[in-house]
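Work through the exercises below with the model open. Each task is followed by a solution in steps.

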Amino acid sequence: EKSSRLSAALFGEDCEISHDQVYELLKYAALGKCYNVTQPSWCRIYHQSHLAGVVVIVLHEMSQLHFYKFYLQFKHLRKVFQHRFTLPPSSASFLANLYGEGADVKTQNNAQGLISTSSGCIPKNSDLQCDPIIRKYGESKQGLTRYILTVEELKKNDYPMKGSPGCKRYVHTECDQQRTDSSPLFGLDCEMCLTARGNEVTRVSLVDAQGQCLLNELVKPESTIVNYRTRFSGITRKMLLPVKTRLPDIQSRLKKILPHDAVLVGHSLNADLQALEMIHPSVIDTSLLFARNEGRRFKLKFLAKAVLGKEIQCDQNLGHDPTEDARAALELAQFFIEQGPAKVAELNLEMLLTTERLTEVSQNKSALQPQGCRVQKQLNDPPHLSKPCFLDCLQVTGQKPLLLGRQEVDSSGLCQSNLSTSNKQILQRALEDVPLSTFSIVQFSLGPEYIASHLPAGFCEKVRSKLTDMLTIYAGPFEESFCLKSVKKEFGKCGPIQSLTVVTETYQPYVCIQYEVLEAAQLAVESLDGAKVAGSCIKVQRPVTAAMLDCDVLIQELEQDIENEGVIYVAGLKKSLSETDLQEEFSHLEGLETLFLPKDLQSGRHRNCCFLKFQTSQSAVDALEVISSWAVKGSKLRSRKALASGHLWRWIWQMNHSSGKQVGNSLCEKTVPLSDSEQDLRKKVKKLDQIIKKLYRSLQKNTLCVVLFPGTN
């Protein structure tokens with residue numbers, strides 16, 4: 001039997017993903033290839049068709065701060081869920097797109113059977129940053145010269161260029177004048193037929209910036225036509241019989257029409273220029289202008305409909321009209337330049353395309369546009385597109401998604417708020433209804449009294465303080481004249497040091513060292529306690545505080561965390577070694593899967609430690625023994641089981657560099673008792689973990705389960 005599984009090869013500093021990437025994962029898991037949905041770009045689901053269902057558990061009011069503050073209480077969650085990722089702030093818009101949270105949701109019995117929401121249409125600025133258009137051009141409006149293809153882009157996209165192989169006899173337009181933002185735009189499109197030589201031009205259209213047709217000419221190819229491709233070209237044998245115009249005639253006419261600073265606009269214009277056997281240096285290609293991920297391109301027909309609200313290439317017409325296509329490409333470029341990248345990104349073209357395809361599948365019709373998705377090209381009235389929530393997309397395919405908790409979907413498909421429902425009641429409903437649904441969203445809550453703005457006093461600082469204490473060790477006593485450099489060198493072999501200070505309040509000097517990674521501090525305690533350093537036999541220990549009394553338990557649980565399964569930490573590396581060098585050095589370790597070399601997220605410099613991930617836990621144990629045997633032979637490498645190899649590593653780094661906290665010089669701090677609200681919160685979290693455990697154990701085999709800590713900032 002084939003078993004569905006998720007593979008996500010993100011490790012260490014790569015453990016942050018965007019809301020779009022989560023959306024990608026859920027969309028493919030729920031719909032798959034049968035609805036033309038592609039695999040997520042950042043992970044892979046194997047045997048998606050064998051998935052029994054998808055369950056998303058949303059823990060309202062909770063963030064990763066709660067997860068690590070109550071790490072021991074989340075016993076089930078940390079031992080079962082294999083992959084852990086950070087989401088950027090804030091996920092409010094993600095939730096809105098997922099199921100319309102906070103939206104004024106109304107039932108719309110339109111022809112497509114979609115639920116239309118009145119909010120969540122335009123993505124927030126944080127989401128726009130992930131849009132390929134914004135990544136390519138930025139958000140601000142710019143002149144047309146910014147969108148002209150560079151020499152590198154012309155080469156990459158197979159545009160004919162001077163000196164390129166196969167372009168020796170091509171005709172140059174001789175438009176060599178410097179382009180400015182006021183240079184004239186011209187739309188160009190050609191239709192081709194298949195001849196004995198390949199594709200040859202049979203019709204050419206050119207329009208000016210006002211959309212006026214300057215050239216619309218049939219062309220008789222030199223070679224015999226073997227396929228007129230009438231369905232697409234609109235060309236028939238009868239049409240070409242009286243035609244005397246040849247390709248050189250068209251080339252001459254184009255050279256005469258185009259001014260010396262002309263900018264040509266077209267959709268995949270490289271094919272047109274190749275067929276025309278002409279070279280033109282300044283081009284705006286709308287198939288590249290409206291950028292997509294992974295090198296994919298939108299079709300001109302879709303862009304004309306979604307952006308301009310125009311129907312082109314209609315089925316009832318005989319083939320494409322090159323004048324219509326040239327004009328559409330020109331207007332698309334003008335829209336992009338006038339509105340700017342941010343406005344274009346707000347159109348959510350990717351979602352519109354997905355919705356259109358799903359609608360076509362459900363209605364068994366082509367080119368069906370969801371209500372409210374037509375964009376009017378009005379410069380003073382920017383378009384507003386309705387981005388359907390995830391549940392809408394599922395309902396279009398005939399699936400019945402389940403939404404339980406804060407908002408629920410009733411039998412009519414209407415989302416209803418239900419804030420008074422308890423977690424126990426939601427669990428009971430979920431145990432009954434989740435097995436009957438292929439896609440479920442189950443929402444649990446700590447309660448309105450625990451919203452992020454009303455956390456117990458000092459909640460965030462206590463988490464940061466405990467992390468700092470776990471990263472800190474005290475070593476000593478040393479002689480009065482001890483060599484601090486020797487101490488730093490010896491303790492530096494355990495891992496990267498963030499700070500080192502001498503404690504002078506004691507009878508004899510001690511050293512306080514704060515490391516950058518948990519493993520380094522633990523390795524120092526394990527390997528250097530009782531050792532002779534700088535001429536003294538020293539004791540190594542962590543700070544003694546009330547919060548640190550359960551440190552040993554926490555270390556033990558981190559070792560057993562499923563995220564650290566099969567992962568070891570190695571310190572004492574030469575900083576000059578690259579990742580490739582280390583791959584080669586450790587290549588003979590059996591079962592090695594991947595290597596993560598931490599670096600300073602600000603400077604980008606590598607640290608003197610790394611994490612090795614193995615295919616099995618036993619391979620990791622064997623590797624520890626091998627590295628220990630190297631130490632006996634004089635190697636400077638030190639190793640142990642990983643504690644914070646993945647998501648936690650990055651989170652500790654962020655907490656460390658945002659705190660600015662100075663480690664105290666005393667070994668004992670004043671005990672601060674837990675407040676009643678914090679004790680109550682701890683109990684609630686423990687109950688919540690038990691609820692997730694019960695729901696998880698009730699799920700069918702091959703169910704993808706995602707737990708979301710949405711946070712608020």
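**Exercise 1: Two acidic residues**

At 13% relative accessibility, E516 counts as buried, where buried means under 20% relative accessible area, exposed over 50% and partly exposed in between, with a 1.4 Å probe and protein chains only. The model is predicted: local features need pLDDT of at least 70, side-chain atom pairs count only at pLDDT 80 or more, and totals for chains, interfaces and linings use all residues. Residues are numbered from 1 along each chain as its sequence is written, and side-chain values use heavy atoms, with hydrogens and water left out.

Task: Locate E516 and find which side chain is joined to the side chain of E516 by a polar contact. Then do the same for E331.

Solution.
- Step 1. E516 is found in the loop between β18 (510-515) and α21 (518-528). Helices (H or I, at least four residues) and strands (E, at least two) are DSSP runs, numbered from the N terminus.
- Step 2. The side chain of E516 has a polar contact of 3.0 Å with that of R607. A polar contact is a pair of N or O atoms within 3.5 Å; within protein, one must be able to donate a hydrogen and the other to accept it, and residues adjacent in sequence count only if both atoms are side-chain atoms.
- Step 3. E331 belongs to helix α14 and is buried, at a relative accessible area of 15%. Its side chain makes a polar contact of 2.6 Å with the side chain of K310.

**Exercise 2: Aromatic rings**

Task: Classify the pair Y68 and Y71, then the pair F290 and F336.

Solution.
- Step 1. Rings of Phe, Tyr and Trp (its six-membered ring) pair if their centres lie within 6.5 Å; planes under 30 degrees apart count as stacked, over 60 as edge-to-face and the rest as tilted. This rule gives 17 aromatic pairs.
- Step 2. Y68 and Y71 are stacked, with 6.3 Å centre to centre and 15 degrees between the planes. Y68 is buried at 12% relative accessibility, and Y71 is buried at 3%.
- Step 3. F290 and F336 are edge-to-face, with 5.3 Å between centres and 85 degrees between the planes. F290 lies in the loop between α12 (286-289) and α13 (300-308) and F336 in helix α14 (residues 322-339), so this pair ties together parts 46 residues apart in sequence. F290 is buried at 0% relative accessibility; F336 is also buried, at 0%.
- Step 4. One aromatic cluster is formed by F67, Y68, Y71, F74 and F709.

**Exercise 3: Charges over rings**

Task: For R44 and R292, name the ring beneath the charge.

Solution.
- Step 1. A charge sits over a ring if NZ of Lys or CZ of Arg is within 6 Å of the ring centre and within 35 degrees of the ring normal.
- Step 2. R44 lies over the face of Y46, 5.3 Å from the ring centre.
- Step 3. R292 has its charged end over the ring of F298, 4.4 Å from the centre.

**Exercise 4: One helix and its cover**

Task: Which residues of helix α10 (residues 247-257) are buried, and what covers them?

Solution.
- Step 1. The buried residues in α10 are L247, I250, Q251 and L254.
- Step 2. Viewed down the axis of α10, these fall within an arc of 100 degrees, so they line one face of the helix. The arc is that of the directions from the helix axis to the C-beta atoms.
- Step 3. Their cover includes β4 (171-172), β6 (198-207), β7 (213-218), α11 (269-276) and β10 (278-279), with contact meaning heavy atoms within 4.5 Å.
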